[in-house]
Structures are given as C-alpha cells and as structure tokens.
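Biologist: I'm new to reading structures, and I'd like a close look at one part of this one. Please go slowly and explain each term when it comes up.

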Amino acid sequence: MTPFLALVRLELAVLFGSPLAYLTLTGFAGVSALLFLEPLRVYNQLLFAYASTNLGGFDTGAIPDSVNLWDTVFFPVMDSLGLTLLAAVPLVGMRSFAEDRARGRDELLLCSGLGPGAIVAAKFAVCAATVLAMLAVAFVYPAATLERGDLGSAHLAAVFLALAGLGLGLTALALACSALTEHQLVAALCAWALGFALWDFGWAAPLTSETVARGLQALALRPRFAALSEGLVSAADLAYFAGLVAVGAAVARASFDLRRARA
Amino acid sequence: MSAPAIEARGLWRRFGRRAALADLDLRVEGGSVTGLLGANGAGKTTLLRLVAGLLLPSAGELLVGGVAPDRGDPAQRPRLGFAAEQARLYPELRVAGFLRFAAGARGLRGAEARQAVEEALERFGLEGVARRTLGRCSQGMQQRAALAQACLGDPPLLLVDEPTAGLDPLQRDAVHAQLAERSHPRTLLLCTHDLDEARALCDRVVVLREGRCVAAGSPSQLLGGDALALFADGRDEATA
C-alpha cells in the first residue's frame with residue numbers, strides 16, 4: 001500500500017467512524033429529495049389548473065409557455081441544490097485538518113513518512129469522494145427532469161459537471177478553512193461565509209462601478225454553475241472550478257509551512 | 001569519525017520574544033542513546049520537534065543524518081520515528097488498524113506490512129488489544145501503540161518524548177525494555193524528566209536550561225548525587 005492510499009484508508013475510517021458523516025449524507029439526500037419534489041408538485045398543480053376545462057376534461061393547449069419543466073422544476077432544483085451544497089460541504093471538510101491539529105495528529109502524520117502534499121491530496125480525495133457520493137444521490141433529480149424533458153445525454157453530462165465542479169470547489173475551500181484553524185466549528189463557519197460570499201455578487205452591482213461589478217461577478221460561483229446547468233460548457237467555467245480546487249489545496253499545503261515557522 | 005546522527009550549530013528557536021533554544025550546539029553520534037534532560041520549558045521538546053522537522057529553526061544550522069530535517073519532500077527527509085509525549089492517536093481506530101496505517105504510510109506493502117504489524121503487536125505487548133479501539137485502551141497501551149508506530153519500518157533514528165509519563169511502574173518497565181531493545185545500532189534521542197530512566201537507558205545525557213546546553217556527558221558523570229542541581233541553578237560543565 002502506498003503512503004497516499006494508507007492515509008486515504010485512514011481518513012475514510014475516521015470520517016465514517018463519526019455519525020456526522022452519515023447525518024450529512026442522509027440529510028443531503030433527504031433535503032435534495034424535498035427540493036425536487038416541491039417544484040414538481042407545484043408544476044403538476046399548475047399543469048392541472050391551466051389544463052382543466054369546465055367540462056372536467058383536459059386541454060393541454062391552454063398551458064402557457066412559462067409553465068414548463070425547464071423553468072418550473074429544473075432551474076429551481078439546480079439553484080436549490082447549489083445552495084444545499086454550500087450548506088453541506090463545509091460539514092464534510094471541517095474536521096479534515098482542524099481535528100488533526102487540535103489533537104496534534106498532524107505531527108504524527110508528518111513523521112510517518114507522508115509529505116504535506118500527500119496529506120493534502122489524501123484528505124481532498126476522501127472529502128471529494130464523499131461529496132461526489134452525495135451528488136450521485138442528488139443527481140437523480142435533475143437527471144430525471146432532463147430525461148422527462150428529453151434534453152439528451154450531453155446536457156446531462158453538463159449538469160453533472162456543474163454539480164461536480166461546484167462540489168469539488170467547495171470541498172477545496174472547506175479544506176483550506178479547516179487547515180487554518182484547530183476548531184472544526186470555526187472551519188465550518190469560515191467555509192460557509194466564504195461560500196455564501198462567493199455565491200453571487202449581483203448585490204454589489206448597484207453599489208460599485210460597472211467594471212468592479214463585472215470583475216466581482218467573474219469570481220462568483222453561481223453564474224458558472226448556472227451556465228453549466230444550462231448545458232453551456234465552457235473551458236473558462238471548468239478552469240474556474242479547477243482554479244478553486246488549486247487555490248484551496250495550495251492554502252492547505254501552505255498551512256503546514258506556516259505552522260512550522262510560527263512564532 | 002563517522003558523521004553524527006544529529007548535529008546542531010548555533011541553533012535558535014524563538015516563539016515570539018521567548019527563545020526556546022538559544023545558540024545550542026549539540027552533536028549526537030549514530031547508534032547512541034542520548035537523553036535530553038531539563039526542567040519544564042528548558043527546550044527539550046522544541047529540540048525534538050526541530051529534529052523531527054516539525055518546526056523550522058529561527059537561526060543556526062541543524063542537520064539530521066547530514067540533511068536539514070525541514071525539507072518539504074519526504075523522500076529527502078531523514079527517516080525517523082517520533083513518539084510524542086501524549087500519545088496522539090485516533091481513538092476510533094483499532095490498535096491493529098492504526099499500526100496497519102503506520103506501516104502503509106512508511107511504504108510497507110502486503111505480506112511485509114502484515115508481518116511488521118504482527119511483530120510490533122507482539123514486541124510491544126499489544127496482541128491482546130489488537131482489535132480494541134485506541135480510545136478504549138489505557139494510557140499505557142496507547143503509549144505503547146504510539147511507540148510501536150514510531151518503530152515500524154525500523155527507522156534509524158527514534159525520537160521519544162517522555163515515553164513513561166503517567167505510566168505505572170510495570171508499564172514503565174515494559175516501555176524501558178522496548179526502548180532498550182530498539183536502541184543500538186539505531187540512534188535514540190529521548191526527552192525525559194526521569195533521572196532513573198536516563199540512567200537506565202542512556203549512553204549520554206545532555207542537560208538543557210533555558211534553551212542552552214549546560215552539561216553533557218555520561219549518566220555516571222552527570223547523574224550523581226547532586227544531579228538535581230543541574231536542573232536548578234546551573235553548573236556549566238560541558239564535559240563531552
């Protein structure tokens with residue numbers, strides 16, 4: 001077994017040795033199901049209301065264009081899933097480094113023959129796998145909508161990229177926050193704050209110049225996530241999420257040097 | 001003369017304004033058992049953590065096996081085992097699982113890893129608790145598990161910080177026996193407050209006070225009747 005795989009196994013055992021992991025996974029599955037079923041219920045009610053005739057029959061021609069699976073179900077589901085990821089991912093990543101540091105186990109790892117880079121990579125791999133497992137469950141809902149809307153497998157792949165990109169980017173941010181503190185709760189709060197701050201800078205538009213607002217919006221998560229959700233795959237959006245992962249990993253890696261040099 | 005296992009020249013380590021180590025010169029020969037003695041705050045643990053590469057020196061030079069221990073690349077770092085003062089383990093893991101991780105982290109694979117873990121369990125008297133989670137083990141068992149992980153892969157340099165703190169006499173004897181067995185030809189650097197422990201295990205002792213080496217020599221030279229005076233008021237006699 002390579003040192004990297006040994007740490008991956010250890011991290012999995014520790015993560016799933018805690019009830020929080022199961023609660024987070026179950027909670028995410030439950031919340032994402034509710035987030036799907038509610039717009040679906042509304043959509044069905046709208047269909048029924050518009051299509052019902054006085055004679056007790058149905059007239060599908062009476063349904064306005066604004067009532068469609070796309071706008072009534074798919075977009076609200078994707079937006080809600082994004083926000084649910086923002087809430088759930090910090091719970092997965094918060095303990096990664098913070099718990100080790102609080103208990104002094106980071107020193108044990110560093111003296112076990114593992115370098116800081118391997119430690120960061122192994123912890124990221126475990127958290128990313130957990131987040132992707134969460135997404136595999138949640139992916140069923142937008143996938144079902146797309147299937148019903150007959151939008152094709154290319155769009156389905158783009159939606160998966162959207163969810164995976166956002167999930168992995170948030171995982172890296174959560175790990176970076178966890179690497180900078182010994183307190184899991186502080187790590188989670190920082191990751192939530194950072195995630196929500198980065199989510200959308202639309203609020204800044206009236207307060208700043210157009211150039212600044214555009215620059216801020218380029219840093220925002222939501223427009224990239226929304227573009228991929230619509231099936232618009234661009235290298236810039238993928239590079240943005242890859243960049244988030246790289247920045248988070250670099251911060252986590254640098255935290256080891258900071259701790260060794262701390263005065 | 002062969003290259004020393006550890007060599008410090010003008011080594012400083014500051015935490016804010018306080019100097020935990022101040023202009024320390026130290027030479028530890030390969031294959032020796034060296035005890036670091038000193039009162040609380042003398043700089044023993046700081047020195048151990050510098051040697052392990054867990055801290056960076058503020059100034060001066062430190063070489064472990066001829067290389068700086070603070071290199072980021074583990075392939076370039078000296079191979080060592082480190083057992084901290086308070087066993088820093090994973091309470092949710094079983095003892096055998098924890099040692100399997102330690103073996104894997106040191107690059108041992110397959111049958112070689114299994115054999116190393118079985119040997120460590122047997123050597124450190126942990127077979128009876130191999131399937132018990134570390135959180136349910138006594139402090140003595142946890143301390144032994146920490147020592148066992150430090151010794152896995154047979155590192156040439158073993159750093160041990162207060163290995164018997166808080167242990168009962170029986171457990172202390174067991175740990176001493178393990179350390180004695182794991183020493184020569186390996187190099188052992190041991191932090192301790194226990195003069196009997198230093199007498200029993202060490203070839204050489206180094207006394208630190210306020211981050212400086214105030215005495216160094218064999219236990220018979222330094223740990224006589226008034227050994228405690230070395231800790232308290234200083235008797236600057238670097239004899240080695």
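Modeller: Here is a close look at the strands of chain B, followed by their surroundings.

First, the model is a predicted one: local features need pLDDT of at least 70, side-chain atom pairs count only at pLDDT 80 or more, and totals for chains, interfaces and linings use all residues. Residues are numbered from 1 along each chain as its sequence is written, while chains are lettered from A and ligands numbered from 1 in the order in which they are written.

Let's begin with the whole of chain B, which has 8 helices and 10 strands. Helices (H or I, at least four residues) and strands (E, at least two) are DSSP runs, numbered from the N terminus. The radius of gyration of chain B is 18 Å, close to the 18 Å that the globule rule gives for 240 residues, so chain B is as compact as a globular protein of that length. That radius is taken over C-alpha atoms, and the globule rule is 2.2 Å times the number of residues to the power 0.38. Along its principal axes, the C-alpha trace of chain B spans about 50 × 40 × 40 Å.

Now find strand 3 (residues 33-37) of chain B. Here 5 of the 5 residues are buried, so this strand is largely enclosed by the rest of the structure. A residue is buried if 20 or more other C-beta atoms lie within 10 Å of its own, exposed if 12 or fewer, and partly exposed in between, with C-beta atoms placed from the backbone. In a regular strand, the side chains alternate between the two faces of the sheet. Strand 3 of chain B is covered on both faces: B:Val33, B:Gly35 and B:Leu37 are buried on one side, and B:Thr34 and B:Leu36 are buried on the other. In chain B as a whole, buried residues make up 49% of the 240 residues.

What does strand 3 of chain B pair with? Two strands pair if DSSP finds at least two bridges between them. Strand 3 runs parallel to strand 7 (residues 187-191) of chain B, joined by 4 bridges, and B:Val33 has B:Leu188 as its bridge partner there. Strand 3 also runs parallel to strand 8 (residues 204-209) of chain B, again through 4 bridges, with B:Thr34 standing opposite B:Arg204.

Next, turn to strand 1 (residues 6-15) of chain B. This strand runs antiparallel to strand 2 of chain B, with 7 bridges between them, and B:Ile6 stands opposite B:Val28. The two form a hairpin with 2 residues between the strands, where B:Gly16 takes a positive phi near 65°. Strand 1 also pairs with strand 4 (residues 59-64) of chain B, in the antiparallel sense over 5 bridges; one such pair is B:Trp12 and B:Ala59.

Stay a moment with strand 2 (residues 18-28) of chain B, which holds B:Asp23. Phi of B:Asp23 is near 55°, a positive value in a residue other than glycine. B:Asp23 is partly exposed, with 15 other C-beta atoms within 10 Å. You can look for another such case at B:Asp154, whose phi is about 50° although it is not a glycine. B:Asp154 lies in the loop between helix 4 (139-151) and strand 6 (157-161) of chain B, and B:Asp154 is partly exposed, with 14 other C-beta atoms within 10 Å.

How do these strands fit into the domains? Domain bounds come from an automatic or database domain assignment, which gives chain B domain 1 (6-79 + 156-238) and domain 2 (90-154). The C-alpha centres of the two domains lie 25 Å apart. The contact between them takes 10 residues from domain 1 and 10 residues from domain 2, where two residues are in contact if their C-beta atoms, placed from the backbone, lie within 7 Å. On the side of domain 1 that touches domain 2, helix 5 (residues 169-182) of chain B gives the most, with 5 residues.

Finally, look across to the partner, chain A, which has 12 helices and 0 strands. The contact between the chains takes 25 residues from chain A and 28 residues from chain B. Helix 1 of chain A supplies the largest share of the chain A side, 8 residues.
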